[in-house]
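Please examine the sequence and the three-dimensional model together before reading on. The paragraphs below proceed from one residue to the overall form of the chain, and then to individual loops and side-chain pairs.

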Amino acid sequence: MPVPKRKSARTVGRNRRAHWKAKVMKYTYCPNCGEPVLPHTVCPRCGYYRGIKIYITKFEKETEELLNE
Ligand SMILES: [Zn+2]
């Protein structure tokens, strides 16, 4: 139920906010390149997810262009 801001005491709000905590970010390592990546996410460095190539990274594109020149 909404309560007007000035009706609740300062301590009430402060005590409630005492339980707000920053969570430690969870991550795993890419099995292809070993880079730390977020779980259930395509690796931004090599573009692999569960051993399958998902996309060509910017770095790979640039090197390919340089080789073609
Ligand atoms: Zn990777």
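Does Arg6 count as buried or exposed, and at what relative accessibility? The model is a predicted one, and in it Arg6 has a relative accessibility of 77%, so this residue counts as exposed. Arg6 belongs to the segment that precedes helix 1, which spans 10–17. A comparison with Tyr49 places this residue in the wider chain: 43 residues separate Arg6 and Tyr49 in sequence, and their C-alpha atoms are 51 Å apart in space.

The overall form of the chain comes next. The protein chain contains two helices and four strands, and their order along the sequence is α-β-β-β-β-α. The radius of gyration is 23 Å, whereas the globule rule gives 11 Å for 69 residues; the chain is therefore more spread out than a compact globule. Along the principal axes, the C-alpha atoms occupy a box of roughly 70 × 25 × 20 Å. Only residues at least 6 apart in sequence enter the next figure: of the contacts between them, 0% join residues at least 24 apart. Buried residues make up 10% of the 69 in the protein chain. The exposed surface comes to about 7000 Å², of which carbon and sulfur atoms supply 57%.

Charge is a further property of the whole chain. There are 15 positive and 6 negative side chains. The centres of these two sets lie 35 Å apart.

Two loops hold residues with a notable backbone angle. The loop between strand 2 (36–37) and strand 3 (48–49) contains His40. Although His40 is not a glycine, its phi is positive, at about 60°. With 74% relative accessibility, where exposure requires over 50%, His40 counts as exposed. The loop between strand 3 and strand 4 (52–53) contains Arg50, which likewise is not a glycine and has a positive phi, of about 50°. The relative accessible area of Arg50 is 72%, and this residue is therefore exposed.

How many salt bridges does the structure hold? There are two. One of them joins Arg45 to Glu35, with the closest N and O atoms 3.1 Å apart. This pair links distant parts of the chain, as its members are 10 residues apart: Arg45 is in the loop between strand 2 and strand 3, and Glu35 is in the loop between strand 1 (28–29) and strand 2. Glu35 has a relative accessibility of 29% and so counts as partly exposed.

The side chains of Lys53 and Glu60 also form a salt bridge, with an N to O distance of 2.9 Å. Lys53 counts as partly exposed because its relative accessibility is 33%. Glu60 is likewise partly exposed, its relative accessible area being 26%.

Thr57 provides a contrast in accessibility. This residue is located in the loop between strand 4 and helix 2 (58–68). Why is Thr57 classed as buried? Its relative accessible area is 5%, and a residue is buried when this value is under 20%. When neighbours within four places in sequence are set aside, Thr57 is in contact with Pro44, Arg45, Cys46 and Gly47. One of these contacts, Arg45, is the residue that forms a salt bridge with Glu35.

The last residue to consider lies in helix 2, where Lys61 has its place. Lys61 counts as partly exposed, because its relative accessibility is 48%. Lys61 and Cys30 are 31 residues apart in sequence, and the distance between their C-alpha atoms is 20 Å.

Key
Residues are numbered from 1 along each chain as its sequence is written. This is a predicted model: local features need pLDDT of at least 70, side-chain atom pairs count only at pLDDT 80 or more; totals for chains, interfaces and linings use all residues. Side-chain values use heavy atoms; hydrogens and water are left out. The radius of gyration is taken over C-alpha atoms; the globule rule is 2.2 Å times the number of residues to the power 0.38. Buried means under 20% relative accessible area, exposed over 50%, partly exposed in between (1.4 Å probe, protein chains only). Contact means heavy atoms within 4.5 Å. Accessible areas come from the Shrake-Rupley method with a 1.4 Å probe; for residues, only the protein chains shown count as cover. Lys and Arg count as positive and Asp and Glu as negative; His and the chain ends are not counted. The place of a charge is taken as NZ of Lys, CZ of Arg, CG of Asp or CD of Glu. A salt bridge is a side-chain nitrogen of Lys or Arg within 4 Å of a carboxyl oxygen of Asp or Glu.
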